[in-house]
Amino acid sequence: MNARAAIAPAAARNPVNGARRGWRAALRDEWRMASLTVKLSALLLLLFYLFAAASPVIAPYNPARQWRELPDCAPMRPHLAPPSEWRRGFIYAFPMRLDNPLARHYVEDHSRRTFVRFFDRGHLFTTAPGAPPFFLMGSEGLGRDLFSRIVYGARVSMCIGLVGVAISFSLGIMVGAFSGMAGGLTDSAIMRVCEIEMSLPSFYFLLALAAVIPSGLGTTATFFMIVAIMAFISWAGFARVIRGMAASVRSAPYVEAARALGGSRRRLLFRHIIPAVMGFAAVSASLSIPGYILGESALSLLGLGIQEPAASWGNLLSQAMDPQTIAYFPWVLAPGLFISATVMAFNFLGDHLRDRFDPANSG
Amino acid sequence: MAAGLVAAAIAGCRVNRPPNDHAAAQTLYDATVSDPGTFNPLLVTDAASGGAIGDLFESLARLNPRTTLFEPGLAASWEFSDGGKTLTFHLRRGVKWSDGAPFTARDVLFTMRVIYDPKIPNSSVSAMLIDGQPIAVSAPDDYTVVARLPRTFAPILSSLQFSILPAHALEAAYAAGRFNRVWGIDTPPDRLVALGPFLMTRYVPAQLLAYRRNPNFWMRDGHGGRLPRLKGETHLIVPDQNAQYLQFKSGMTDVYGPRPEEVWPLEQAARRLNITVRKVGIDTGSLFFAFNRNPRHYVRRGVTDPRYKWFTDVNFMRALAHAVDKRGMIDLCYRGLAVPAVSDVSPENKIYHNPNLKDYAYDLKLAARILDQAGYRMIRPGVRGDPRGNPLVFNLTTNAGVPVRNQMCAIFKQDLQKLGITVNYRPLDFITLVKALESSFDWDCVLIGFTGGIEPNDASDFLRSSGNLHIWNPAQVKPATAWEAQIDHLMDAGTMALDPYQRAPYYWQIQQILHDQLPIIETVRAVTYVAYRNTLENYNPTVWGLYRPEWIEFRAE
């Protein structure tokens, strides 16, 4: 995508590395220079994107499957099987039995064992079809496996940022760069429109728009509507910054030269002005992804985002809204940990990218 | 790890309670969810306003929630004559309004006149029109009111359950056409002229409503002692139920209606908190899946949507009724503290509830067989179609922000998925939902709850085909189906006899018809609980309200 295309040449041209080299080598150098935090962040994000890409494999169960006899079940403890049992499996757990339905209190049933099967029926790990389930992170209120739901929820929560950034940034760059290059009345007009857009109270605007999504839409369509709404709210601010950069680049000697040589408007825009602002755009993109993840969480928390039975980290976390639930079933907070980890990872990565590519630091 | 710490912090939290002075001051504290919208008893449309002024005003007769019979209120006695067509009330003497003026028949006549005024939008009037005709009232003297009915009308006492207004205080405003604006929430509480057990002293928006005992209240206990026994009441306004729960636990309020998941922790802490947790009974309302049968929704440009055929096909609906996992809903959404609902009338309504209905058992195999036999066969794996080959897909909604309903919809959706029926589920915020149900009719299936009362005729707007709350096809000009016509007829017949036991069979039959035709599929009814401080005496909640609330007091310590 745009962002990567921009990072690679920028990295290749970096004065620290000297000569122009392939992007693989550049990436290797970047990795060597990054701090441990940045490396961990990158690995974590890779893992979560793997969750999203390969959720049917990584998730042990169908995320919508309800074990109605096991609501709010605690995470099950995996046990290592003794060597004599290795032909049945290496890891087992004791099935849980609802002891007190009112308190949702469970006891482990030590008379039976559920063996975890690895690489079985297309899952990384799962249990036999008729056997009791193995809840790695517990179950939620309807007896659905929380871990499977988190893995599937990554599809929504990890992609929402990328899709949103793709929309808002392509819009922002195009509008901003064009406006900055054009100058004059066109520039003023476009910027006033952006300011009007920015002055809308974004969260309430989002609430209002989410309420008018037609009810017949499926989950995927709803998802894209939400992303599109969020992206259309956030492009204006970005366009203003890009416009400022473009306006200053416009009078730079190399642009003047290109213009003097008879370069067309389009050529000026795509060959000179947009590449000049790309570095900033890439940094800014990585820093704005968390905003989308949190925005979706907020909407889902209010029941306006992704709807049952589809999972997103935001709507999974909405169960943790009352102190009662947190006190007795603390594992419902797990999606929150995934959200914070992702947001932090993106912030560390974005900070790092800024330090590396911000023209002000390139000295 | 972090989650564990947070949980430990919350679970291990012991609030150091300041000793409260509720008992010493004989003031009962409880919590309410929202601010009132008006202090004008005739204009009340929401529960919050009703609760705010409920103790300020009285009606002619009072309902005893234990016996579910009417007892004397502002009317000391009454008698029927002329075959039930004339009702004479003998008003209580010596009752005074809070400004010292006596309560007389003039107040009753004034209130009736306001209710029947078409310019005053009020919810009492629909119950007081009998076959569209008003009740004629007259007052031969200051303490006698005679009501003449167009015909015998059994629910008349229930219809006359409106709050009596002070004529001397409001007549001038009414004559000037300002009635709709008097006694808004900006009225200083001491300007509200009342005669109930309590008088309002303070209203702080978003914080509290405070009341003091009415020293002139007419009721006395058996020993001639003055009632009410409490010296005051305070309703704290707390929008968040979690906050209400914590406030009760910390001693800021004295009574609390716990949600199912709070019952067990409260029972565990009962001794430490010195509280009692008591089962009150089965919810009196009804929570059901309704299916839209309104042709206005389905016929577009002469083409009828296939969903109209499905939802009016009794076999399709029977299959769906067998796919509602009530046991699962009870265990998952109510922690087991609920019972399956079979009829729209709660079993707590001992006389009018039909106990002979046989529930549709949860049986997906049977549901699939019924669908197959009715021509709804699988058209591809996981997708069932109607006899014309249209895949079975419909929308399901409910009001957003209610976790229990959200879960019930998820359960229903999952089970229908197993039958090959796709349900698009999306909750709507309450205003949007009401608009869809009442004006745009743009909905397929909704999970919705109605409150219920003792008098079965109160459900008239829901049961009659002409009613605005006849949710599956409201405000029909003439009944769309034979069974709806029969319900209309039974509703008329049920009001003709005066004796409840003679009336009951008509309403039992209505429940049977709804059960057979399935315009709605009943789900479950919560078993309600209440928790209150052990220092409270004579606190007797029932599903129909508090029994003898005037007797409540704090035990002297």
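Let's start with a strand pair in chain B. Strand β5, residues 86–91, pairs antiparallel with strand β7, residues 144–148, over 5 bridges. Two strands count as paired if DSSP finds at least two bridges between them. Strands are DSSP runs of E with at least two residues, helices are runs of H or I with at least four, and both are numbered from the N terminus. Within this pair, B:L87 has B:A147 in β7(B) as its bridge partner.

Before I go on, the ground rules. This is a predicted model, where local features need pLDDT of at least 70 and side-chain atom pairs count only at pLDDT 80 or more, while totals for chains, interfaces and linings use all residues. Residues are numbered from 1 along each chain as its sequence is written, and chains are lettered from A and ligands numbered from 1 in the order in which they are written.

Back to β5(B). What is on its other pairing? Strand β4 of chain B, residues 75–81, is joined to β5(B) by 6 bridges, and the two run antiparallel. B:A75 stands opposite B:L91. The two strands make a hairpin with 4 residues between them. In that turn, B:D82 has a positive phi of about 60°.

Now the faces of β5(B). In a regular strand the side chains alternate between the two faces of the sheet. Here, B:L87, B:F89 and B:L91 point to one face and are buried. B:T86, B:T88 and B:H90 point to the other and are not buried. Buried means 20 or more other C-beta atoms within 10 Å of the residue's own; exposed means 12 or fewer; partly exposed is in between, with C-beta atoms placed from the backbone.

Next, chain B as a whole. It has 19 helices and 27 strands. Of its 557 residues, 41% count as buried. The C-alpha trace spans about 80 × 70 × 40 Å along its principal axes. The radius of gyration is 26 Å, which agrees with the value near 24 Å for a compact globule of 557 residues. That radius is taken over C-alpha atoms, and the globule rule is 2.2 Å times the number of residues to the power 0.38.

Domains. Chain B is assigned domain 1 (3–35 + 205–254 + 535–554), domain 2 (61–174) and domain 3 (286–526). These bounds come from an automatic or database domain assignment. The C-alpha centres of domains 1 and 2 of chain B lie 32 Å apart. Between these two domains, 7 residues of domain 1 are in contact with 7 residues of domain 2. Contact means C-beta atoms, placed from the backbone, within 7 Å. The domain 1 side of chain B divides into 3 nonpolar, 4 polar and no charged residues. For those classes, Ala, Val, Leu, Ile, Met, Phe, Trp, Tyr, Cys and Pro are nonpolar, Asp, Glu, Lys and Arg are charged, and the others, Gly among them, are polar.

On to the core. The largest nonpolar core has 82 residues, and B:F289, B:M408 and B:I521 touch the most other members. Such a core is a set of buried Ala, Val, Leu, Ile, Met, Phe, Trp, Tyr and Cys residues joined through C-beta atoms within 7 Å. Helix α15 of chain B, residues 403–418, gives the most to this core, with 7 residues. Domain 1 and domain 3 of chain B each supply at least three residues. What does B:F289 touch? Leaving out residues up to four places away in sequence, B:F289 touches B:F412, B:C445, B:L447, B:I520, B:I521 and B:T523. Another core, of 79 residues, lies apart, with A:C73, A:I273, A:W331 and A:I339 among its members.

Now the two chains together. The contact takes 28 residues from chain A and 34 from chain B. On the chain A side, the elements giving two or more residues are α12 (323–328) and α13 (334–357). Of these, α12(A) gives the most, with 4 residues. The chain A side divides into 16 nonpolar, 8 polar and 4 charged.

Last, one residue in strand β8 of chain B, residues 198–204: B:M200. Buried or exposed? B:M200 is buried, with 24 other C-beta atoms within 10 Å. Beyond four places in sequence, B:M200 is in contact with B:L56, B:P189, B:L192, B:L209 and B:Y211. B:D190 is 10 residues from B:M200 in sequence and 6.7 Å away in space, C-alpha to C-alpha.
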